[in-house]
Amino acid sequence: MNVITDHLSEFGHGLVLTVELTLLSLAGALVAGVVVAAMRVSPVRALRAAGMAYVEVLQNIPLLVWLVIAVFGLPEIGVIAGLFTTSVVVIVLYQGAYTAEAIRSGINSVPAGQGEAARALGLTFTQSLRLVILPQALRTVVQPLGNIAIMTLMNTALAAAVGVVELTAAANRVNLAEAKPIWIFVTAGLAYMALSGLFGLVTGVLERKWAILR
Amino acid sequence: MVRTSVRMRWAAPVAVAALSLVGLTACSSSDDSGSSVPGAAGGGKQDDLVAAAPVAANLPAGSTMEKIKKRGQLVIGGSLDAPLLSQQNPANKKVEGLDADFGRLLAKYIIGKPDVKIVNSASETREALLSNGTVDVVFQTYSITPERAKQVAFAGPYYSSGLVVATKKDTTGITSASDLKGKTVIAGANTPAIAAIKKVAPDAKIVTFGTDPECVQALKQGRGDAYVQDEALLLATAKQDPSIKIQGKPFTSDPYGIGLKHGDAQMKQFVNDWLKQIQASGLWAKVWKNSIGTVVEGDAPQAPALGSAPGSE
């Protein structure tokens with residue numbers, strides 16, 4: 001157990017960075033997801049196509065490839081930002097695609113009559129989406145969004161590959177000094193489990209609170 | 001209504017697929033001429049090395065070596081992307097370098113022919129690959145440390161290297177390891193460089209990347225002021241890439257061992273005997289000349305004394 005207690009500060013810093021990465025990514029992904037989902041259901045054909053292209057391009061290339069492209073490729077054309085910032089932006093864009101699809105499924109689950117009624121009342125597309133459709137849609141997709149949140153948490157570990165010393169990278173460094181992989185990586189795993197368990201709990205509470213009884 | 005027949009609908013994609021396959025084979029077979037990989041110049045000497053290599057007189061019954069001989073192939077945990085040490089030549093698919101040559105020589109010593117299979121391993125997986133028997137030996141710039149020696153047995157050391165500091169050519173103010181204080185330093189993830197940097201410059205900010213090419217790229221893109229890596233690797237990089245400069249001499253001593261399954265004292269003794277033989281016969285120096293000697297001036301250094309590193313006793 002000494003391997004863990006001796007390196008608590010390393011683990012602590014890694015955990016903090018993981019949580020920061022996750023929360024920033026989640027906030028960004030939710031915004032990106034809502035925007036892209038709105039594009040995909042909009043009456044403008046070009047927007048629908050752009051939304052679909054975004055989702056297909058982002059989802060069909062692995063996150064690690066995106067991270068490597070952004071960290072090592074973009075500086076070649078003069079775009080250079082810090083490793084943490086780059087990682088957050090990439091994870092936001094990537095998870096945004098998944099979030100958009102989850103939200104779109106929620107939008108599709110809102111009965112068509114709701115949209116028709118909104119239009120009959122004279123609401124514009126944006127108004128009907130913002131005031132009528134999205135509030136109902138988001139409530140039905142709390143559980144899938146919770147899954148995406150957990151997936152985001154797990155995916156932050158990939159930032160270790162591009163030099164961000166989050167929990168996985170921190171565990172790796174401790175292991176390099178101590179060579180006790182079982183204790184060290186099980187500890188890191190338990191920390192991830194605790195965080196994702198927390199996410200699951202919050203998701204459950206929110207879902208019960210916001211459930212629409214039909 | 002126009003309908004394409006079923007046959008027609010299949011024909012087009014199949015034809016495209018077939019054409020692209022032809023294109024691929026054409027690409028891969030078109031270039032088997034020269035190579036820009038350092039160390040490749042001595043590629044033809046590999047066969048001379050193997051021809052001069054000794055073969056063990058007898059293998060103890062029931063030993064690991066006997067099992068390897070029966071299998072007819074030595075399975076080595078190693079790299080395919082380490083210049084001068086163990087790098088696959090894209091032109092002829094041969095793995096070249098110091099570690100690769102030693103691997104082939106050991107295979108010949110055990111089996112009688114240099115038949116090896118290199119399993120691409122990483123610094124995180126080597127201990128596991130050895131202990132579960134996926135690989136017989138590890139030749140991969142495997143630094144001997146007492147911590148690692150608790151999980152694997154080390155024969156050797158067969159080579160002694162050290163860490164050096166590299167910077168971009170136009171960087172000033174970093175001429176040795178002690179100048180790293182307060183700087184952002186790039187290092188390979190899971191390399192001894194991390195601990196070594198912390199020792200000489202405790203307040204340096206360390207940024208790590210998985211592979212050596214990534215670290216070099218990061219240095220060139222200015223993600224750090226300096227890059228600390230093994231001398232042999234950096235020499236090859238600096239030779240290939242004039243925008244990188246090596247600053248000063250190695251500031252650590254880093255003995256490389258041959259990783260074996262933990263507790264296999266018989267095989268460790270056997271491999272050490274082999275090392276003793278090739279050192280005495282001058283073959284060791286020839287292997288060095290053929291790889292690292294292609295970028296370092298002068299004669300081969302003295303081979304490190306067997307069992308001299310803590311963890312290899």
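**Exercise 1.** Find the volume of the second largest cavity, then describe its lining.

*Solution.* The volume of the second largest cavity comes to about 40 Å³. A cavity here is a set of points, on a 1 Å grid over the protein atoms alone, where a 1.4 Å probe fits but cannot get out, with lining residues having an atom within 4 Å of a point. Points are joined across faces, edges and corners, and a volume is the space filled by probe spheres set on them. Before going on, note that this is a predicted model, where local features need pLDDT of at least 70 and side-chain atom pairs pLDDT 80 or more, while totals for chains, interfaces and linings use all residues. Residues are numbered from 1 along each chain as its sequence is written.

Next, the lining: B:Ile76, B:Gly78, B:Ser86, B:Asp99, B:Ala100, B:Ile118 and B:Phe139. Strand E1 (74-78) and helix H4 (98-111) of chain B each give two or more of these residues. By class, the lining has four nonpolar residues, two polar and one charged.

**Exercise 2.** Describe how chain B meets chain A.

*Solution.* Start with contacts (heavy atoms within 4.5 Å): 17 residues of chain B touch 18 residues of chain A. Then take the area: about 1,500 Å² is buried between the two chains, 50% of it on carbon and sulfur atoms. Buried area is the accessible area (1.4 Å probe) lost on putting two parts together, summed over both.

Now the salt bridges (a side-chain nitrogen of Lys or Arg within 4 Å of a carboxyl oxygen of Asp or Glu): the count between chain B and chain A is zero.

Methods: Chains lettered and ligands numbered in written order. Heavy atoms only, no water. 1 Å grid on protein atoms, 1.4 Å probe; cavity = no way out; pocket = protein on both sides within 12 Å on 5 of 7 lines; lining within 4 Å. Helix = DSSP H or I, 4+ residues; strand = E, 2+ residues; numbered from the N terminus. Nonpolar A, V, L, I, M, F, W, Y, C, P; charged D, E, K, R; others polar.
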